[in-house]
Amino acid sequence: MAYQTINPTTNVLVKTWPGHTDEQVEAALSAAHRLYQSPWSQGAIAPRLRVLHKLADLLESRVEELARIITLEMGKLIGESRGEIQVVAQIARYYAEHAERFLAPVSLPTGQGEAWIEHHAIGVLLAVEPWNFPFYQLMRVLAPNLAAGNPVVAKHASIVPHCASVFEQLVTEAGAPQGAWTNLFITADQVGKLIADQRVQGVAMTGSEGAGSALAAQAGKYLKKSTLEMGGNDVFVVLEDSDIDKAVEAGTFSRLHVGGQECIGAKRFVVRAEVADTFLDKFTAAFKAVRIGDPLDETTTLGPLSSTAARDSLASQVRAAVSHGATLHHGGNAIDRPGNFFEPTILTNVQRDNPAYFEEFFGPVAQVYVVNTDDEIVELANDSHYGLSGVIFSRDIARARTLASRIETGAVWINTFSSTAPELPFGGVKRSGYGRELSELGIKEFVNQKLVLVATS
Ligand code: NAP
């Protein structure tokens with residue numbers, strides 16, 4: 001697929017970016033591998049952490065400019081883009097401040113002698129990333145691995161080449177040596193060749209199930225470690241004792257954030273029957289109050305989807321859901337205007353034999369389910385191919401905690417929407433993938449946790 005910047009608000013083609021040739025890919029991989037073998041990767045951590053500090057400073061000083069690039073390329077609201085750059089700076093700063101402690105040797109009590117675990121870089125990694133958080137996704141891989149000493153070659157989504165290119169420039173400007181982070185505009189075939197290359201030691205992939213499965217299969221074939229951050233079909237549980245207004249506010253935010261194109265966005269609203277009518281009325285009113293328009297306009301609350309293909313595939317998912325018996329409670333259509341706009345939509349009466357029941361809707365489409373018991377909540381929540389995150393609203397924290405423990409996901413958030421922070425691990429179970437990014441867990445994914453033991457004489 002061609003790497004192109006197309007403004008999703010107008011569908012005007014802004015720029016086509018040339019792909020990298022096999023020779024350029026080889027040069028990038030050689031440089032990355034040389035860097036891995038050099039004192040930069042093998043030596044003291046301090047110079048690498050200085051780059052992360054500088055990168056955080058750069059990002060913080062250029063929020064407005066970078067936010068505009070995101071919004072013009074993939075269509076999220078300008079305020080959301082600013083928020084993304086701020087979190088991205090926080091991630092760089094977090095690893096700059098904590099990586100040395102995370103990677104310090106850990107001694108192990110044993111009767112065999114003196115034993116400890118050291119943490120070493122393992123080599124060049126390949127990152128394959130999606131467009132919905134075009135800077136954040138890259139930083140989740142860069143920051144821990146730059147600190148650890150793993151050089152990264154990165155293939156970003158073909159609809160965000162401007163973001164990919166600017167990110168690479170920022171890393172260089174922060175003082176990273178050649179090879180520390182290399183952006184590559186490459187095809188799936190070239191990705192496959194990189195995975196097969198013996199200099200590549202791991203694959204960090206975020207995206208859809210189909211792509212994740214293809215890449216993990218290739219990584220498995222060549223015995224390369226991989227982490228997979230896939231989609232989700234997160235539940236948003238509203239118990240009868242909830243603060244309903246707060247739940248509606250959080251649920252609306254979560255479902256419509258980034259135009260509904262967020263892996264941890266609330267997708268299945270599971271509401272106790274006692275409060276179902278009240279919740280649905282208020283939730284529908286909130287969807288009706290959405291202001292659709294130009295994502296650069298500060299008053300807009302819902303922008304376009306990232307591409308025409310994304311809008312059309314969402315429209316066909318909604319049509320299929322309705323033809324299989326779901327009720328279209330609100331919205332349901334692409335909007336007849338330039339750009340990739342789609343109405344905020346609510347589906348009810350989605351039965352288990354409806355394809356919509358198991359699908360991720362990557363856009364502003366909510367499904368509302370009504371349940372009578374807490375056991376039903378758990379059954380519905382876990383009757384999913386995915387297991388990324390989930391939300392529970394209740395004033396009874398003990399009850400919410402019990403439910404949280406029973407839900408099969410990588411995270412559960414109580415009385416707020418699912419979100420992210422550098423110190424909190426991110427990842428899922430089931431078809432949402434495996435491995436974790438961010439936090440101390442994230443930096444341990446691609447390091448050699450090496451045991452050294454000095455025998456008792
Ligand atoms: P996607 O189609 O899988 O694309 C993701 C990346 O994979 C892109 O760079 C894409 O390149 C590349 N790709 C696709 N097929 C490939 C193949 N056969 N070989 C090599 N590379 C391949 O995903 P998307 O639809 O853009 O992104 C949305 C999905 O990502 C949703 O399911 C969402 O839930 C998930 N997501 C998960 C997380 C998480 O942390 N769990 C975070 C964000 C998004 P091209 O653009 O060139 O096709």
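**Exercise 1. In which helix is Ser 439 found, and what is odd about its phi?**

Start with the location: Ser 439 sits in helix α15, which covers residues 439–443. We're working with a predicted model here, so read every value as computed from it. Next, look at the backbone: Ser 439 has a positive phi of about 65°, although it is not a glycine. Set that against the general picture: most residues other than glycine have a negative phi. Last, check the surroundings. The cut-off for buried is under 20% relative accessible area, and Ser 439 comes in at 4%, so it counts as buried.

**Exercise 2. Find where Val 258 sits, and decide whether it is buried or exposed.**

Step one is the address: Val 258 lies in the loop between α10 (244–256) and β11 (268–272). Step two is the torsion: its phi is positive, about 55°, and Val 258 is not a glycine. Step three is the accessibility: with a relative accessible area of 2%, Val 258 is buried.

**Exercise 3. Work out which elements build the largest nonpolar core, and where that core lies relative to the domains.**

First get the domains straight: domain 1 is 3–230 + 432–455, and domain 2 is 235–421. Their C-alpha centres lie 30 Å apart, and 25 residues of domain 1 are in contact with 30 residues of domain 2.

Now for the core. It has 65 residues, and the ones touching the most other members are Leu 52, Leu 55, Leu 59, Tyr 95, Phe 135, Met 139 and Trp 181. The elements giving two or more residues to this core are α3 (46–61), α4 (63–74), α5 (78–102), β5 (124–128), α6 (136–148), β6 (152–155) and α7 (161–173). The largest share, 11 residues, comes from α5. Both domain 1 and domain 2 give residues to this core, so it lies between them.

Zoom in on one member: leaving aside residues up to four places away in sequence, Leu 52 touches Ala 92, Tyr 95, Ala 96, Ala 143, Leu 146 and Ala 147. There's also a second, separate core of 30 residues, with Val 350, Ala 356, Val 371 and Ala 381 among them.

**Exercise 4. Compare the span of α7 with the expected one, then say what covers its buried residues.**

Take the length first: α7 has 13 residues and reaches 18 Å from its first C-alpha to its last, close to the 18 Å expected at 1.5 Å a residue. Then list the buried residues: Pro 161, Cys 163, Ala 164, Ser 165, Val 166, Phe 167, Leu 170 and Val 171. Their cover includes β1 (3–7), β2 (12–17), α3, α4, α6 and β7 (181–183). Finally, step off the end: just after α7, Gly 175 takes a positive phi of about 105°.

**Exercise 5. Which residues are closest to the ligand, and which backbone atoms lie by its oxygen atoms?**

Begin with the ring of neighbours: 27 residues surround the ligand, and the closest are Trp 131, Arg 140, Ser 208, Met 230 and Glu 360.

Follow up on Arg 140. This residue is in helix α6 and is buried, with a relative accessible area of 2%. Not counting residues up to four places away in sequence, Arg 140 touches Ile 91, Thr 206, Glu 229, Phe 426, Glu 437 and Leu 438.

Then go through the backbone:

- Ala 157: a polar backbone atom is 3.3 Å from an oxygen atom of the ligand.
- Ser 158: a polar backbone atom is 2.9 Å from a ligand oxygen atom.
- Gly 207: a backbone N or O atom lies 3.2 Å from an oxygen atom of the ligand.

Technical notes. Residues are numbered from 1 along each chain as its sequence is written. This is a predicted model: local features need pLDDT of at least 70, side-chain atom pairs count only at pLDDT 80 or more; totals for chains, interfaces and linings use all residues. Side-chain values use heavy atoms; hydrogens and water are left out. Helices (H or I, at least four residues) and strands (E, at least two) are DSSP runs, numbered from the N terminus. Buried means under 20% relative accessible area, exposed over 50%, partly exposed in between (1.4 Å probe, protein chains only). A nonpolar core is a set of buried Ala, Val, Leu, Ile, Met, Phe, Trp, Tyr and Cys residues joined through side-chain atoms within 4.5 Å. Domain bounds come from an automatic or database domain assignment. Contact means heavy atoms within 4.5 Å. The expected span of a helix is 1.5 Å times one less than its number of residues. A residue is near a molecule or strand if one of its heavy atoms lies within 4 Å of it. A polar contact is a pair of N or O atoms within 3.5 Å; within protein, one must be able to donate a hydrogen and the other to accept it, and residues adjacent in sequence count only if both atoms are side-chain atoms.
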